[in-house]
Amino acid sequence: MIQSLRGMNDILSPDNERFEYFLKVATTIATNYGFSYIETPLLEETALFKRSVGESSDIVGKEMYQFIDKGENDVCLRPEGTAGVVRAFIQKKLDKAGGIHRWFYHGPMFRYERPQKGRLREFHQFGIESFGVDNVYEDASMIMMVADILTKLGIGYKLELNSLGDQNCMPEYRDSLVNFLNKREDAICEDCKRRKITNPIRVLDCKNRECQTIYKEAPKLLENLCESCESDFTKLKTILDENNISYEIDTHLVRGLDYYSKTAFEFVSDEIGSQSAIAGGGRYDRLIEFLDGKATPAVGFAIGIERLLELIKMPESSREGWYFGAMDENAITTILKATAQKRKSEKAVVEYKPKNLKNHLKGADKLNALYCAVIGENELNDGTIWIKNLEEKTERTVKLEEL
RNA sequence: GUGAGAUUAGCUCAGUUGGUUAGAGUACUGGUUUGUGGUACCGGUGGUCGCGGGUUCGAGUCCCGUAUCUCACCCCA
């Protein structure tokens, strides 16, 4: 038997119903916020991700589905959504055109990782990107949009907030942190020693308890912000307070992708195992420049759809549509015609085999149909059809042409 | 890439110290005098016990390998 690849799932009933419901809710809300749909290719040039996500991240370092195509191009399946959207933004010269561009997207992402709960090799994200707005109100809007989506889906969450600084204050902070780490080189774990070289900020969210004890003494990002970062972060907190969005400041919250600056946020759930981040995002004002575009402020987020699936509270489903059946072989053609007619406006399924009434009712019930319509000997003789409303338990017999 | 646990019917799981023909529930399907569903009763289909080796007179059961899944680490949505 040929099986699907490790970490790659088929999505079918009943999960696909939750999946579609999520997309319906998320796209409706995004549209209400003034965002429009963008779709970018699943396959991009490898260099795009190296330059945007950053070579220091594990995503680029060891998790990409990378290969050489038949035209000798070095390509890979997208491991995240922002890079492609930014490329499209620049390629369409919207950076030079100026103005505000607000987009949402959704689709599969690929990372070659060891699968576990809430982590797949092919997974789906819903994401938002906003270009051209440097006002921190836009950051707040992003957070409120995620909160709206999660609330609408009945999902409980915790919001963690941090500021990563910008090109003025971040490098200085990084130097002082490295300095701090150098003094404690012997005490920190092997992973942190590695992170000190590759991406020092990442030591802050190390899960090693001894490391965390040491880092309590470490210089804090938030205490070293420059004036503009500081005032933006204060403003953001005020906006969230005014809109009743509760949050926790987490000075150790570090986003995994290199392109973030200033606002960083993460929505977490304590109900889905150790992969607890259900949505993450932040500001990335420098990324467009990194990819050869004209400097443009930008902010965005992504939601991991699979991680939400089991948390979604679905609206109660009610009976819907029609079931058609015949009790006599001679009535089958009539019932097929009736079904075809009904399908022009409503959902209708038909049973091809003649059965007694009881079995037809069972069949209709199993399909969760609202109406069970049957033609038996009596109905066949006077050109009528018997209809039962399975919810109200009412029944009637009508002329076929009145159906 | 590292570590731990699992894999028996479509699904959820039993299966004794290794011993005849591998079970249950559920689902599916048919019937309970061809006119009333979700709840009853009876029957039926359905298994190369993940796959490949080994030990043994004999393996679902013990050993080795392998694949996949799960959980955790790393990392991230």
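In what order do the 8 strands of the open sheet stand, and what is the sense of their pairing? The order is β1-β5-β6-β11-β10-β9-β7-β8, and the pairing is mixed. This is a predicted model, in which local features need pLDDT of at least 70 and side-chain atom pairs count only at pLDDT 80 or more, whereas totals for chains, interfaces and linings use all residues. Residues are numbered from 1 along each chain as its sequence is written, and chains are lettered from A and ligands numbered from 1 in the order in which they are written.

**View 1. The edges of the 8-strand open sheet.** Strands (E, at least two residues) and helices (H or I, at least four) are DSSP runs numbered from the N terminus, and two strands pair if DSSP finds at least two bridges between them. Because β1 (36-37) and β8 (248-249) each have a single partner strand, one side of each is left without a neighbour in the sheet. Strand β7 (residues 158-163) pairs with β8 in the parallel sense over 2 bridges, and Glu 160 stands opposite Glu 248 in β8.

**View 2. Helix α10 (residues 227-242).** The 16 residues of α10 should span 22 Å at 1.5 Å a residue, which agrees with the 23 Å between its end C-alpha atoms; the expected span is 1.5 Å times one less than the number of residues. Cys 229, Asp 232, Phe 233, Leu 236 and Leu 240 of α10 are buried (20 or more other C-beta atoms within 10 Å of a residue's own, against 12 or fewer for exposed, with C-beta atoms placed from the backbone). These buried residues cover an arc of only 100° around the axis, so they lie on the same side of α10; the arc is that of the directions from the helix axis to the C-beta atoms. Their cover includes α6 (136-152), β7 and β9 (261-268), by contacts defined as C-beta atoms, placed from the backbone, within 7 Å. On the other side of α10, Glu 227, Ser 231, Thr 238, Asp 241 and Glu 242 are exposed. Asn 244, which follows α10, has a positive phi, near 55°.

**View 3. The 5-strand open sheet.** Its strands stand in the order β13-β12-β14-β15-β16, with mixed pairing. The edge strands, each pairing on one side only, are β13 (348-350) and β16 (394-399). Strands β12 (residues 322-326) and β14 (residues 371-375) run parallel and are joined by 5 bridges, with Ala 326 opposite Ile 375 in β14.

Terms used
Contact = placed C-beta atoms within 7 Å.
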